[in-house]
Amino acid sequence: MFSLPLQSLPITLSVLATWLLSLVVIVGIGMLASRVLGVRHDGLEGGLRAFWIGWATLITLLMTWHYVLPVDARATDAVIGLGVLGWFIAVLDRHPKRLVSRRSLRGMPRHPIFFAGVGVCAGWILLTAANVALGPPWMYDTGLYHIGAVRWSMQYPLVPGLGNLMAQLAFNNSSFLVAALLGSVPPWQEISYHVANGVILLPVVLRWAVSLFRVLARPKRTSLVDGYFLALTPWIYVCAISHEVRSFSTDYVTSLLAVALAGEVLGMFGRRLSQPSLYSRTVVIVALAAVLVTTKASGIIFGTAAALIAGIYYLRRTRAFRAKDLIAIGLLPTLMAVLWVGRNIVLSGYLLFPVPSLGLPVDWRVPRAEVQALADIIKSWARTPGTFHTQSVLGNWSWVAGWAERLWLGEGRFHLVLPLALAAALVPVCLVLRPWRRARGWWPIAFCLAPLVGIGFWFSSAPEVRLVGSLPWIVAAVAIAILPLGRRRWVRLMTVGSLLVVVTISGWPREFHASTSLESTPSPMIRGMLTDGGVVIYTPRLTDQCWDLPLPAAPVVRPKLAMREPGRLECGFRNMAEFESLTRIAAERAATNRR
């Protein structure tokens, strides 16, 4: 149960090395951006906070780059150069010294056995995840459109009307740009699904390890955020052994980003922070919330709620407001929002896709009927998988019984039922202990509203288990973490219990990969289909997963599809019927205005 195949160890270590090198480069970019924004990062926790600023900056840069150029080797060279520059300036400024200074290590266990024990736990989780990442990308959506979206980003600049080729290509997930960036680095060309999602998993596991260090050192002084990460131990381990680690799954990335965002918000409440520290955390929180939204639009509810709570707390704790601080806090989110909405318009012709009411009169706009059908299918499929009769599902509540049964028999027991039941069971305990009597005790309880509102939005829109992400576990972890504020002797019990859970769920069903090479994607049979507009589309036979078929590829051919400029894929696509309709409407409006 605890043994990795030795023959696969070298390639497993190469995956882990890629994650570590990516973390170093992104932290370098984060330190460079932090210098511009006036954000200060001290201590090991501050170094991981620099990663999130770096990730937000990287997403912003890649979205800007992709308007003009494909995300290829040139983008990789530029990103590495920025990372090196960030580290060079940080070394001149003696920033690395502050990350491992005596003050930053205060509260850490001094006995080597603590370092060895926590190092073994974190190393085991990461090695397991790296080995799981060697397998083939089994996730359905990865073969359907994830790989295709990444390949379009690698080979072409932002393509107008790409949603006309295949609607899912217009979802505008910013994490695909990082996957495209990694896809141009040897040996991950065209197979970056082995490493892309692990880059986000790594800092979450490292932050969990930092919390474990502190809890073992001084359990009576456990902070709120350390208790939060420790309570997430089962979820983090299950996340590490999930098959989504070897995919381009946006649900996986969104879940990890939500966990990191919640941790940063709770870090504001645990103890009274200095004004520079409070400002730095607020910058990170707002940037992380923006990244969450650009990764997947469904994260807008939790991301906005978390950023709003953090912003209110910052305004209440700040005595003197400086205009430049407020500008710096909003700079990255504003840039990301503008760039992301612009990408939505270019890809689909809609401000937010797939929301039919937000269409714009551009010649590459996806037909409104197709957008409405896609939105209805997403909602109905989440309620009753396999159904295309959307009205029979969306018009009533008959789907709830079957949905609840699938929830209980499937992964929903761990990802939804268990954490919400745990949080509900702790309500009477909190009423007895009354942890909110301490200073700032109400703020963590108020923060619980953010994931709860997110869960409510999930249930009302697309209640599929994988789409709820980490929100239920965030609620449970916050509820558990609040308890040490009232009775600190619970900390040791919680620590030991979490470690026992790790040992127990090490037997979670999975398989280690003993292969000495990376497993590739399936190669479906291919056929070329000609549209009425003269576009040759490559479609798979006997399946609807395109995998790595030549571009342009789609599972279904739309007869009215045409290129905006014949022979030039980079100029984009349009639907001839929609284009003719828009042209007719424009002519009628022009005639009306002349009258």
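The protein chain exposes about 25,800 Å² in this predicted model. Carbon and sulfur atoms supply 65% of that area. The chain has 595 residues, and buried residues make up 56% of them. Its secondary structure comprises 25 helices and four strands. Contacts reach far along the sequence. Among those between residues at least 6 apart, 73% join residues at least 24 apart.

The largest nonpolar core holds 177 residues. Within this core, Trp19, Tyr228 and Phe447 touch the most other members. In soluble globular proteins, nonpolar side chains tend to be buried together. The surroundings of Phe447 can be listed in sequence order. With residues up to four places away set aside, Phe447 touches Ala262, Val265, Leu266 and Phe269, and further along Phe302, Ala306 and Ile309. Ile474 and Val478 complete the list of its contacts.

Cys430 belongs to helix α19, which spans residues 412–433. Its relative accessibility is 12%, so Cys430 counts as buried; the cut-off for burial is 20%. Ile480 lies 50 residues from Cys430 in sequence. In space, the C-alpha atoms of Cys430 and Ile480 are 9.4 Å apart.

Six cavities of 30 Å³ or more are present in the structure. The largest has a volume of about 150 Å³. Its lining consists of 17 residues. Ala149, Ser153, Leu169, Arg343 and Leu347 lie nearest the centre of this cavity. Three elements give two or more residues each to the lining: α6 (140–155), α8 and α15 (323–348). The largest share, three residues, comes from α6. By residue class, the lining of the largest cavity divides into eleven nonpolar, five polar and one charged.

Helix α8, one of the contributors to that lining, covers residues 175–182. The helix is mostly covered, with eight of its eight residues buried. These are Ser175, Phe176, Leu177, Val178, Ala179, Ala180, Leu181 and Leu182. In an α-helix, residues three or four places apart point the same way, because there are 3.6 residues a turn. Burial in α8 takes in every residue of the helix.

Asn172 sits in the loop between α7 (162–165) and α8. Its phi is positive, about 60°, although Asn172 is not a glycine. Asn172 has a relative accessibility of 3% and therefore counts as buried. Trp547 also has a positive phi, near 50°, and is a residue other than glycine. The loop between β2 and β3 holds Trp547. With 8% relative accessibility, Trp547 counts as buried. Most residues other than glycine have a negative phi, and most peptide bonds are trans.

Two cis peptide bonds can be described. The bond from Phe353 to Pro354 is cis, with omega near 5°. Pro354 lies in the loop between α15 and α16 (368–383). The bond from Leu551 to Pro552 is cis, with omega near 0°. Pro552 is placed in the loop between β2 and β3 (561–563).

Strand β2 runs over residues 536–540 and includes Thr539. The relative accessible area of Thr539 is 2%, so this residue is buried. Its contacts, not counting residues up to four places away in sequence, include Met525, Ile526, Arg527 and Met529. Thr539 also touches Leu549, Ala554, Pro555 and Val557.

Key:
Residues numbered from 1 in each chain as written. Predicted model: local features only at pLDDT ≥ 70, side-chain atom pairs only at ≥ 80, totals over all residues. Heavy atoms only, no water. Buried < 20%, exposed > 50% of the residue type's maximum accessible area, 1.4 Å probe, protein only. Contact = heavy atoms within 4.5 Å. 1 Å grid on protein atoms, 1.4 Å probe; cavity = no way out; pocket = protein on both sides within 12 Å on 5 of 7 lines; lining within 4 Å. Points joined across faces, edges and corners; volume = space filled by probe spheres on them. Nonpolar A, V, L, I, M, F, W, Y, C, P; charged D, E, K, R; others polar. Areas by Shrake-Rupley, 256 points an atom, 1.4 Å probe, with all protein chains shown as cover. Core = buried A, V, L, I, M, F, W, Y, C linked by side-chain atoms within 4.5 Å.
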